[in-house]
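I am opening a fresh notebook page for a structure that is new to me. Here are my entries, in the order I looked things up.

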Amino acid sequence: MVEKLMGLPRSRTVVHPGPFRPVRIDRMRDQKGRHFRLSLPGGRTLHESLVQALADEGVASASMTLLGGELAELGFCLALPDPTGRVLATYGAPHTVHGACFIFGNATLGSSASGTPVVHCHGAFRTADGAVRGGHILTDRTVVGRRSVTAVVTALDSFELRVVYDDETRMPLMRPQARRVHG
């Protein structure tokens, strides 16, 4: 394995701009761990389709694997190093392509500080000219095409994922939090 890596360019080193946080990955365990599969029909944005389908299942936080499907319109961007060094990364200009084939992706459903559903998604896709690309999928600008997108979902019912500010990266990140009790 080591021999195969020789000759390849070295990965970019990422240095977090904020104070060191000894616990880099927060974790919580869901006691139920419900798993199910969704078929997201065409004509709606990926964001609308995921949020509505998961709300119908009573899910507010989830981890998802997206497998295949057609995207009539796809909005995406790339994470780039911040030239000022103020934050860990910034998003580049949004790109839009039409008629893409979705190959694979990972998405997370959580909520903003105000409780609005947030879907964070990265994926790989093939454009109409055959190029294989990837990036941060702008789910509110991505419309599912005629061939549905399949999502394999792990519901996180005993806690929630919420966007909070992270001092170390100086960026908003989704973190597991105790579930809010509404009453």
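**Entry 1: a nonpolar patch.** I began at the surface, keeping in mind that this is a predicted model. I found a nonpolar patch of about 390 Å² there, and its makers are Leu67, Ile103, Phe104, Val132 and Val152. I picked Phe104 for a second look and traced it to strand 6, which covers residues 95-111. Phe104 counts as partly exposed because its relative accessibility is 37%, between the 20% limit for buried and the 50% limit for exposed.

**Entry 2: strand 10.** How many of the seven residues of strand 10 are buried? I noted five, so this strand (residues 149-155) is largely enclosed by the rest of the structure. Next I looked up its partners. Strand 1 (residues 35-40) runs antiparallel to strand 10, and six bridges join the two. In this pairing I found Phe36 opposite Val153. Strand 2 (residues 62-67) is also antiparallel to strand 10, again with six bridges. Here Thr65 faces Val152 of strand 10, and I had already met Val152 as one of the patch residues.

**Entry 3: Ala113.** I then moved to the loop between strand 6 and strand 7 (117-126), where Ala113 sits. Is Ala113 buried or exposed? Its relative accessible area is 60%, over the 50% limit, so I wrote down "exposed". Leaving aside residues up to four places away in sequence, Ala113 touches Val163 and Arg180. I also checked Val164: it is 51 residues from Ala113 along the chain, yet their C-alpha atoms are separated by 7.0 Å.

**Entry 4: Asp166.** My next stop was strand 11 (residues 159-166), which holds Asp166. Asp166 has a relative accessibility of 1%, which is under 20%, and therefore counts as buried. Which residues does Asp166 touch, not counting those up to four places away in sequence? I listed Arg21, Arg24, Met171, Leu173 and Arg175.

**Entry 5: Arg170.** I finished in the loop between strand 11 and strand 12 (171-178), at Arg170. The backbone angle phi of Arg170 is near 60 degrees, a positive value in a residue that is not glycine. I flagged this because most residues other than glycine have a negative phi. Arg170 is partly exposed, since its relative accessibility is 31%.

Technical notes. Residues numbered from 1 in each chain as written. Predicted model: local features only at pLDDT ≥ 70, side-chain atom pairs only at ≥ 80, totals over all residues. Heavy atoms only, no water. Patch = residues over 30% accessible without salt bridge, like charges linked within 9 Å, V, L, I, M, F, W, Y side chains within 5 Å. Areas by Shrake-Rupley, 256 points an atom, 1.4 Å probe, with all protein chains shown as cover. Salt bridge = Lys/Arg side-chain N within 4 Å of Asp/Glu carboxyl O. Helix = DSSP H or I, 4+ residues; strand = E, 2+ residues; numbered from the N terminus. Buried < 20%, exposed > 50% of the residue type's maximum accessible area, 1.4 Å probe, protein only. Contact = heavy atoms within 4.5 Å. Pairing = 2+ DSSP bridges.
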